[in-house]
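User: Please take a close look at one part of this model, the stretch that carries a domain annotation, and then set it against the pocket and the packing of the chain.

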Amino acid sequence: MRLPYVADPPPTQTAEDAAIVQRIRDRRAPRPLQALDLTLLHSAPVADGWNSFLGAVRTRTSLSDDVRELAISRVAVCNCAWYEWGHHAPLAVQGGVSADAMEAVKRDALGERPEGLLSEKQWAALVYADEMTKHVQVKDETFEVLRRHFNDQEVVEITATVAAYNCVSRFLVALDGELKLIIRIWKMKTFSSL
């Protein structure tokens, strides 16, 4: 990162700051605080809001793992956020997406749906994430395809997930001083080892 990480354990000045750190630790458990957390904690209020919002998006929506992680992974590709890709592409595979399908997700342009690799439902979420990320505005046709596969709650949750992970990727890419190395490593990596 272009900023130094805060110490771990993070120093706190107030009981409120200590409570923020504990909330972040609780969400990450049993894993330790991540580099992202140790950067965000330069501003305890921002870290707290981030933790709450991303915690809800990541763990409290009704989206299936495959749909959520495909959308997040596509945001990572569109924004060259390979740190984010490194965390979420393996979760998509764990959620049932094949390694070959993830290779299709990793392409610069999606093109046509790869037959037999992604369902129409998965593809609808992927195309929506791609358009939202690249153009912000989504074509009516794209939205209508999404609506055929997802209910109102799921549409809100997919939209919030894509928006949230655009925030994450932009934060990471802007502050990541080692981005060029990470890009080279992840572009070369395949999913046969996942």
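Analyst: Residues 46–105 are 80% helix and 0% strand, and the C-alpha atoms at the two ends of the span lie 31 Å apart. Helices (H or I, at least four residues) and strands (E, at least two) are DSSP runs, numbered from the N terminus. UniProt lists this span, in an unreviewed entry, as "domain: Carboxymuconolactone decarboxylase-like"; such positions are given in the numbering used here, feature names are shortened, and annotations may be inferred rather than shown by experiment.

The model is predicted: local features need pLDDT of at least 70, side-chain atom pairs count only at pLDDT 80 or more, and totals for chains, interfaces and linings use all residues. Residues are numbered from 1 along each chain as its sequence is written, and side-chain values use heavy atoms, with hydrogens and water left out.

Ala76 belongs to helix α4. With a relative accessible area of 0%, Ala76 is buried (under 20%; exposed is over 50%, partly exposed in between; 1.4 Å probe, protein chains only). Beyond residues up to four places away in sequence, Ala76 touches Ala81, Glu84 and Trp85 (contact means heavy atoms within 4.5 Å). Val173 is 97 residues from Ala76 in sequence, yet their C-alpha atoms are 9.9 Å apart.

The largest pocket holds about 370 Å³ of space. A pocket is an open set of points on a 1 Å grid over the protein atoms alone, where a 1.4 Å probe fits, with protein on both sides within 12 Å along at least five of seven lines; lining residues have an atom within 4 Å of a point. Points are joined across faces, edges and corners, and the volume is the space filled by probe spheres set on them. Among the 18 lining residues, Arg28, Gln34, Arg58, His88 and Tyr165 are closest to the centre. Two or more lining residues come from each of α1 (15–28), α3 (44–59), α5 (82–94) and α9 (152–175), and α5 gives the most, with five.

Tyr165 also appears in the largest nonpolar core, of 33 residues, where it is one of those that touch the most other members, with Leu41, Leu146, Phe150, Ile158 and Val162. A core is a set of buried Ala, Val, Leu, Ile, Met, Phe, Trp, Tyr and Cys residues joined through side-chain atoms within 4.5 Å. Helix α9 gives the most to this core, with seven residues. Apart from it lies another core, of 16 residues, which includes Ala76 and Ala92.
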